[in-house]
Amino acid sequence: MATTEKHNITQQLHAEIEQTPERYRALLLRLVHSFREGIEEEEPWPSAVESFREGWKDSQAGKKHPINTLWDDLD
C-alpha cells in the first residue's frame with residue numbers, strides 16, 4: 001500500500017472518529033481494540049527476533065536503503 005493511500009485511510013479514520021458523538025467514542029475504542037486483537041490472533045505480529053532475522057536477510061540480499069531516506073514520504 002502506497003504511503004499516500006495509507007495517509008488517506010488514516011485521515012478518513014480520524015474524520016469518522018470526529019463525526020462520532022462523544023458519548024459513543026468509548027464503545028468505538030472498544031470495537032477498534034477488539035478488531036485489532038482479532039486480527040493479531042489470526043496473523044500474529046512478528047516478534048523482535050523474527051523482525052531482526054527478516055531485516056538481516058534483507059540486508060544480506062542487498063535490499064538496503066540509505067538512512068537519510070528513512071523518513072521520506074512520511075507526514
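**A walk along the helices**

Let's start at His-7, which sits in helix 1, the run covering residues 3–19. Keep in mind as you look around that this is a predicted model. With a relative accessibility of 34%, His-7 counts as partly exposed. Now look across to Asp-73: in sequence it lies 66 residues away from His-7, yet the two C-alpha atoms are 9.9 Å apart in space.

Helix 1 gives way to helix 2, and here Leu-29 is a handy landmark, since Leu-29 belongs to helix 2. Is Leu-29 buried or exposed? At 59% relative accessibility, Leu-29 counts as exposed, because the cut-off for that label is over 50%. Leu-29 also has a partner worth checking in the viewer: Ile-17 is 12 residues away in sequence, and the C-alpha to C-alpha distance between them is 9.5 Å.

Next, the charges. How many salt bridges does a search of the whole structure find? It turns up 1. That pairing joins the side chains of Arg-25 and Glu-22, with 3.2 Å from N to O. Side chains of opposite charge can pair when their charged atoms come close. Here, the distance of 3.2 Å between Arg-25 and Glu-22 qualifies because the cut-off is within 4 Å. As for how the two partners sit, Arg-25 is partly exposed at 23% relative accessibility, whereas Glu-22 is exposed at 61%.

Follow helix 2, which spans residues 25–42, and you reach Glu-42. This residue is exposed, with a relative accessible area of 70%. Glu-42 has company on the surface too: along with Glu-37, Glu-41 and Glu-43, it forms a patch of negative charge.

Then comes helix 3. From its first C-alpha to its last, this 13-residue helix reaches 18 Å, close to the 18 Å expected at 1.5 Å a residue. What follows helix 3, and what is its phi like? Gly-62 comes after the helix, and its phi is positive, near 85 degrees.

Our last stop is in the segment after helix 3 (48–60), which is where you'll find Leu-74. With a relative accessible area of 47%, Leu-74 is partly exposed; the label fits because 47% falls between the 20% and 50% cut-offs. Leu-74 also helps build a nonpolar surface patch of about 520 Å², together with Ile-67, Leu-70 and Trp-71. So, on the surface, you can pick out a negative patch that includes Glu-42 and a nonpolar patch that includes Leu-74.

Key
Residues numbered from 1 in each chain as written. Predicted model: local features only at pLDDT ≥ 70, side-chain atom pairs only at ≥ 80, totals over all residues. Heavy atoms only, no water. Buried < 20%, exposed > 50% of the residue type's maximum accessible area, 1.4 Å probe, protein only. Patch = residues over 30% accessible without salt bridge, like charges linked within 9 Å, V, L, I, M, F, W, Y side chains within 5 Å. Areas by Shrake-Rupley, 256 points an atom, 1.4 Å probe, with all protein chains shown as cover. Lys, Arg positive; Asp, Glu negative; His and termini not counted. Charge placed at Lys NZ, Arg CZ, Asp CG, Glu CD. Helix = DSSP H or I, 4+ residues; strand = E, 2+ residues; numbered from the N terminus. Expected span 1.5 Å × (residues − 1).
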